[in-house]
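Visitor: Please take me through one part of this model. I would like a close look at how a single chain is divided and what its parts touch.

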Amino acid sequence: MLQNVIIGQYYPASSPLHRMDSRSKLIAAFFYLFIVFLANSWVTYGLLIVFTAFTIASSKVPLRFLYKGLKPILILVVFTMLLHVFLTKEGDMLYKAGWLEIYEGGLIQGIFIAMRLLLLVLMTSLLTLTTTPIDITDGLEHLLGPLKKWRLPVHEFALMMSISLRFIPTLLQETEKIMKAQMARGADFTSGPIKERAKAFVPLLVPLFVSSFKRAEELALAMEARGYRGGEGRTRLRALEWHTRDTIALLLLFVLTVLLFLLRS
Amino acid sequence: MDISVKRLEHRYMQGTPFERRALHDVNLHVADGTFLALIGHTGSGKSTLIQHLNGLLKPSAGSIQMGEMVLEAGGKKQDLKPLRKKAGIVFQYPEHQLFEETVEKDIMFGPLNFGVSADEAKETAKKVIELVGLPESVLSKSPFDLSGGQMRRVAIAGVLAMNPEVLILDEPTAGLDPAGRVEIMELFYDLHKKNNLTTLLVTHSMEDASKYADDIAVMHKGELYLHGKPSEIFNQREALQQAGLDVPETVQFLLKWNEKSGQNLTLSAFTIDELARRLSESLKKRGK
């Protein structure tokens, strides 16, 4: 039922990208978010596409799988593109039918924006597809470590994040289970007017809230029973390791940035 | 209602790398009025199978016939409500599905969804709450103020209130105390007899299966592994052990007894009383 969302989902495989340290992947993905905005011409966008295609290839995530996850976002991409195509009035007029006018500048702008969005979404989903949630939170905790000096509860944030990530599948399972139980009692979640449908979710939400609170309480108790007392002096079972490949990956990204600066118009 | 499952296959998350085959080539016929126990190791496909019986899961291949209605792989969308009214499912830990402010309202949820009038539903609620062994005063309480065992009974009442012809029970006694287990199982068995229901019981308990079932179906790795009368099934200890199961304690005891004494006793029923009767009979004969 809720199987097509791939944001935040991990794709198990053994690829160079999977083996990279989560810190370098986080830094790279974050950095990438900014340099995408440097591109403003065919050459620079081409460069970004080549780089992204290279990353996808080295992740060993099947294209079919990526495409399935992109589907929900494609609507947004197409919509933004059309907005630009129809509303930007720059350059030569290419087509005119009644009130509808398409200009060259608008078309190019639309394509660029669509590419930008797609590249951003692709790269960020690659991050979560190739990194387990635990690795991501570990990496974040490391990277944000310096903020502890200003008494920011970095460890607690990371813990909260990993707990919520951990319980997403559980919650989905539970949702499906209760949905089925209520459907067996004749509940209908998929048809009827909106007002009725909103009401139909009460039998789903109440049990979900009840069980979530119960689970939170049980989890807190179980953690305390096993002596948890915050991040102070806590060591790790699996330490993060920085390899040469991480340095190389970041260097590649740096080279890409320099090229983008040189080639942008 | 006759139930007939033909070449049923189910794949979870079809078309993703997480695809998993949960059922394969299952053929099963359950005649009207049968009490069928469905046993099998965890992950053998029991729960997947029963969810097909009222259209909660769609077959990846094969078909299911429930009375007049046929659910086929790739078939047209049909209105499943009539089917869901006739086939009531009590899920594992059904108390998790309670949500209303009062027990009465929660029990009325099913009947109201199936178009029963509010007054009638109220009447039904009174009837079924008594049926599951709770006092009428519970009706006005919040289900979340009840104990775990009481919540279970209320949830069961909510399914019984739909007055189903087929009762599908997915480990209805899991997590209950021994006395509660017996009470709940007796309740289902009485209903089965009285209302001439067709009952499917998913269970891990060989004792329950042997005590109540007319037929037993054993699932193993998504396939129907054995199907027959209890006496036939429990004669195949090795086959059962292959599927990660074992015969009931009474049979285990009798097999050991036979081994030690060189006799060849058999049981017609699998209760402890029957075992004791057989043993005392044979001992008396020997004494003579």
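Guide: In this predicted model, the domain assignment splits chain B into domain 1 (3-247) and domain 2 (248-288). Taken over C-alpha atoms, the centres of domain 1 of chain B and domain 2 of chain B are 34 Å apart. The two domains touch. Domain 1 of chain B gives nine residues to that contact, and domain 2 of chain B gives seven residues.

Look at the side of domain 1 of chain B that touches domain 2 of chain B. Two helices, α7 (206-212) and α8 (230-233) of chain B, each supply at least two residues there. The largest share is four residues, and these come from α7(B). By class, this side of domain 1 of chain B holds four nonpolar, two polar and three charged residues.

Now turn to the neighbour. Chain B also touches chain A, with 24 residues from chain B and 18 residues from chain A in the contact. On the chain B side, α2 (81-86), α3 (103-113) and α5 (148-160) each supply at least two residues. This side of chain B divides into 13 nonpolar, eight polar and three charged residues.

What does the partner look like? Chain A has ten helices and two strands. Along the sequence, the order in chain A is α-α-α-α-β-β-α-α-α-α-α-α. The C-alpha trace of chain A spans about 70 × 55 × 35 Å along its principal axes. Chain A has a radius of gyration of 23 Å, whereas a compact globule of 265 residues would have one near 18 Å. Of the 265 residues of chain A, 20% count as buried.

Technical notes: Residues numbered from 1 in each chain as written. Chains lettered and ligands numbered in written order. Predicted model: local features only at pLDDT ≥ 70, side-chain atom pairs only at ≥ 80, totals over all residues. Nonpolar A, V, L, I, M, F, W, Y, C, P; charged D, E, K, R; others polar. Domains from an automatic or database assignment. Rg over C-alpha atoms; globule rule 2.2 N^0.38 Å. Buried ≥ 20, exposed ≤ 12 C-beta atoms within 10 Å, placed from the backbone.
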